Amino acid sequence: MNEAQPALGVSNRYIEWMFRHISSPLLASGIYPNAKEWTEAVACYEAVRKHVATRPQFAIRNPMVSLVAIGDGSTPRAAAMFSTRSIWQCYSVDPHMKWRNVRPRLERLVPVRGDIHDLCLAVPAQGSIVVVACHSHADLNAAVVRLSQICGRDRMAVVAMPCCVPQHIDGWEPAVEYTDWSCWSEHRNVKVWTPV
């Protein structure tokens with residue numbers, strides 16, 4: 001499912017969304033250094049909202065969902081977006097994490113300096129995990145294998161926006177792939193894996 005490319009190249013939809021939320025603690029946090037990083041995070045949020053959160057087990061208002069943003073960068077760009085737009089517990093995992101969640105404090109956001117094996121995550125018995133890999137350099141397949149030991153693939157959904165590192169999951173094909181023309185990056189292809 002590819003959106004038609006706008007006549008001028010990219011759409012301003014996510015930038016306009018940013019200005020509507022200009023007073024948000026998200027913009028005041030200093031997490032996003034530029035419009036490109038902002039639109040990448042919004043693109044991943046929109047992919048989850050449209051293609052994953054339509055299922056009750058992954059609903060944005062379901063407190064039993066944990067979000068794990070792998071390779072999120074030195075600041076928790078994808079995880080912060082979800083912590084302010086959902087009621088999920090959100091983990092931002094990156095070996096280069098520098099952000100300490102001091103000011104302003106974002107609720108339900110846990111920055112983790114390390115890789116997926118350094119993440120301490122307890123998912124409730126009926127809980128689910130959403131994995132987001134937004135321009136991640138992490139091994140998506142290894143992360144999914146590790147997290148599926150916690151909750152199983154039947155309770156996991158994955159959204160990836162690959163850049164220079166190909167993102168795939170062994171034995172699991174994406175349910176949806178498309179180009180998001182509202183993302184201000186040359187790497188704007190989105191892949192979504194949902195439970196069968």
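**A walk through the predicted fold**

In strand β1, Val-65, Leu-67 and Ala-69 point one way while Ser-66, Val-68 and Ile-70 point the other way, and every one of these residues is buried. In a regular strand the side chains alternate between the two faces of the sheet. With six of its six residues buried, β1 is mostly covered. These descriptions, like those that follow, refer to a predicted model.

From β1 the chain crosses through helix α4 to strand β2, and this β-α-β crossover is right-handed. The two strands, β1 and β2 (residues 89-94), pair in the parallel sense over five bridges. One point of contact between them can be located by residue: Ile-70 has Val-93 in β2 as its bridge partner.

Strand β1 also pairs with β4, to which it runs parallel and is joined by five bridges. Here Val-68 of β1 (residues 65-70) stands opposite Val-131 in β4. Strand β4 (residues 128-134) has seven of its seven residues buried, and it is therefore largely enclosed by the rest of the structure. The side chains of β4 are divided between two directions: Ser-128, Val-130, Val-132 and Cys-134 point one way, Ile-129, Val-131 and Ala-133 the other way, and all are buried.

Strand β4 pairs in turn with strand β5 (residues 156-161), in parallel and through six bridges. Within this pairing, Ile-129 has Met-156 in β5 as its bridge partner. Together with helix α5 (residues 140-151), strands β4 and β5 make a right-handed β-α-β unit.

The setting for these strands is a protein with five helices and seven strands. Read from the N terminus, its elements follow the order α-α-α-β-α-β-β-β-α-β-β-β. Of the 196 residues in the protein, 55% are buried. Among contacts between residues at least 6 apart in sequence, 66% join residues at least 24 apart. The accessible surface of the protein amounts to about 9,200 Å², and carbon and sulfur atoms account for 52% of that surface.

Attention may now turn to the charged side chains. Side chains of opposite charge can pair when their charged atoms come close. How many salt bridges does the structure contain? The count comes to four, and three of the pairs are described here, beginning with Glu-40 and Lys-36. The side chains of Glu-40 and Lys-36 meet in a salt bridge with an N to O distance of 2.6 Å. Both residues belong to helix α3 (residues 35-51), where they lie four residues apart, about one turn of the helix. Their surroundings can be compared through relative accessible area: Glu-40 is buried at 2%, whereas Lys-36 is partly exposed at 31%.

A salt bridge between Arg-77 and Glu-37, at 3.6 Å from N to O, reaches beyond a single helix. Arg-77 lies in helix α4 (residues 77-85) and Glu-37 in helix α3, so the pair ties together parts that are 40 residues apart in sequence. Arg-77 and Glu-37 are both buried.

Helix α3 also holds the pair formed by Glu-46 and Arg-49, a salt bridge whose closest N and O atoms are 2.8 Å apart. Because Glu-46 and Arg-49 are three residues apart in helix α3, they are separated by about one helical turn. Glu-46 counts as buried, at 9% relative accessibility, and Arg-49 counts as partly exposed, at 38%. Lys-36, Glu-37, Glu-40 and Arg-77 are joined into one network by salt bridges that share partners.

The cysteines complete the account. A disulfide is a covalent bond between the sulfur atoms of two cysteines. How many disulfides does a search of the whole structure find? The search finds zero. For Cys-183, which is in no disulfide, the nearest cysteine sulfur is that of Cys-134, 7.0 Å away; a disulfide would require the two sulfur atoms to lie within 2.5 Å. Cys-183 counts as buried because its relative accessibility is 0%, under the 20% cut-off for that class. Cys-134, as noted above, is one of the buried residues of β4. Cys-90 is likewise buried, with a relative accessible area of 0%.

Technical notes:
Residues are numbered from 1 along each chain as its sequence is written. This is a predicted model: local features need pLDDT of at least 70, side-chain atom pairs count only at pLDDT 80 or more; totals for chains, interfaces and linings use all residues. Side-chain values use heavy atoms; hydrogens and water are left out. Buried means under 20% relative accessible area, exposed over 50%, partly exposed in between (1.4 Å probe, protein chains only). Two strands pair if DSSP finds at least two bridges between them. A crossover is right-handed if, with the strands pointing away from the viewer, the path from the first strand over the helix to the second runs clockwise. Contact means heavy atoms within 4.5 Å. Accessible areas come from the Shrake-Rupley method with a 1.4 Å probe; for residues, only the protein chains shown count as cover.
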